[in-house]
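Hi,

Here is the structure I promised to pass on. Have a look at it first, and then read my notes below.

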Amino acid sequence: MSNLWFLYLFFSALLIFTGIYCLLTMRNLIKLFIAVEVISKGVSLAIIATGAVKHSILLAQTLAITYIVVEVSLVATALALIINIYKKNKSLDIRLLSKLKG
Amino acid sequence: MIIQILLLSGLVIFSILAILLKDLLKAALSLAVASLFLGIIFFRLDAPYAGVFEISVVAGLITVLFALTVALTRKDSEVKEARLTRLAFPLFFVIFLIIDGLVMKSLLQQVPALPAGPETGSFGEVLWKSRTFDLVAQLGVILAGVLAVLALFRKKEEDKDE
């Protein structure tokens, strides 16, 4: 069972790395939120896999469902923000946001 | 074990495609396929409720939201990425793969064992009795999300009136 746990967390770390790489290097706002989604997939996988291996799958499922609900709210709000930013700047370039003055 | 590895590889490959594809709509669809793989993995790990949520909400609803946003921002939405981003990704990925393989096993050995024994009861009992406050928090988060989206679009209408 330990090997299975290693396998799942190994792939989970790969997903999180892929998402973080995209967050650090890309400039398109929608791409950045796709990266956040990829990271959240890695975290969900780690939660469920650890629950399955440690015989706490019911608790892990409730945590994963809570996580998915939070994720949906985040994405809905973020995409609404992106649409507003696009309508003001006519671009999805993240670098334009650095010119904002508070 | 082989099926698990294939499913996990599919998940990672489609996630990478979602990040590297230039067309945003194709990227969103790749993300949906990755969610589908994750949902199947959840089913195989005896987590059917999480699998259903993953497939219906993440693969379905979030993909629709992404597609809608891409459609609304399609004109002039192309952003020039740095050339090195896509070229350097395989190199960094392989380096991380090696480090991950070397370090993860020793990290897992340091995680202490959970004190509790195997779970008893049903999923409903755990969700409604043990994690009641999570449900309250979920309601709060959904309400906050709805209010935030409403506020963002209402502001836009006021701008039009002016």
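I'll start with the inside. The largest nonpolar core has 61 residues, and the ones that touch the most other members are A:I34, A:L45, A:I48, A:A49 and B:L11. Both chains feed into this core: α1, α2 and α3 of chain A each give two or more residues, and so do α1 (2–20), α2 (24–44) and α3 (48–72) of chain B. The largest share is from α2(A), which puts in 13 residues.

A:A49 is a good place to zoom in, as one of the core residues that touch the most other members. If you skip its neighbours within four places in sequence, A:A49 is in contact with A:W5, A:Y8, A:L9 and A:S12, and across in the other chain with B:L45.

Before you go further, bear in mind that this is a predicted model. The predictor gives the complex an ipTM of 0.89 along with a pTM of 0.87. For chain B, the mean pLDDT is 83, with 90% of the residues at 70 or more. The usual caveat goes for the rest: where pLDDT is low, the predicted coordinates should not be read in detail.

Now the contact between the chains. Chain A brings 60 residues to it and chain B brings 65 residues. On the chain A side, the elements giving two or more residues are α1 (2–25), α2 (29–53) and α3 (57–89). Of these, α3(A) gives the most, with 24 residues. Sorted by class, that side of chain A has 40 nonpolar residues, 13 polar ones and seven charged ones.

Chain B comes divided into domain 1 (1–74) and domain 2 (125–162). Taken over C-alpha atoms, the centres of these two domains of chain B are 24 Å apart.

Last, a couple of backbone oddities in chain A. Most residues other than glycine have a negative phi. A:H55 is not a glycine, yet its phi is positive, about 60°. You'll find A:H55 in the loop between α2 and α3 of chain A, and it counts as partly exposed because it has 15 C-beta neighbours inside 10 Å. A:K90 also has a positive phi of about 60° without being a glycine. A:K90 sits in the segment after α3 of chain A, and with 13 C-beta neighbours inside 10 Å it is partly exposed too.

Shout if anything here is unclear.

Cheers

Technical notes:
Residues are numbered from 1 along each chain as its sequence is written. Chains are lettered from A and ligands numbered from 1 in the order in which they are written. This is a predicted model: local features need pLDDT of at least 70, side-chain atom pairs count only at pLDDT 80 or more; totals for chains, interfaces and linings use all residues. Two residues are in contact if their C-beta atoms, placed from the backbone, lie within 7 Å. Helices (H or I, at least four residues) and strands (E, at least two) are DSSP runs, numbered from the N terminus. Ala, Val, Leu, Ile, Met, Phe, Trp, Tyr, Cys and Pro count as nonpolar, Asp, Glu, Lys and Arg as charged, and the others, Gly among them, as polar. A residue is buried if 20 or more other C-beta atoms lie within 10 Å of its own, exposed if 12 or fewer, and partly exposed in between; C-beta atoms are placed from the backbone. pLDDT is the predictor's confidence in each residue, from 0 to 100. Domain bounds come from an automatic or database domain assignment. A nonpolar core is a set of buried Ala, Val, Leu, Ile, Met, Phe, Trp, Tyr and Cys residues joined through C-beta atoms within 7 Å.
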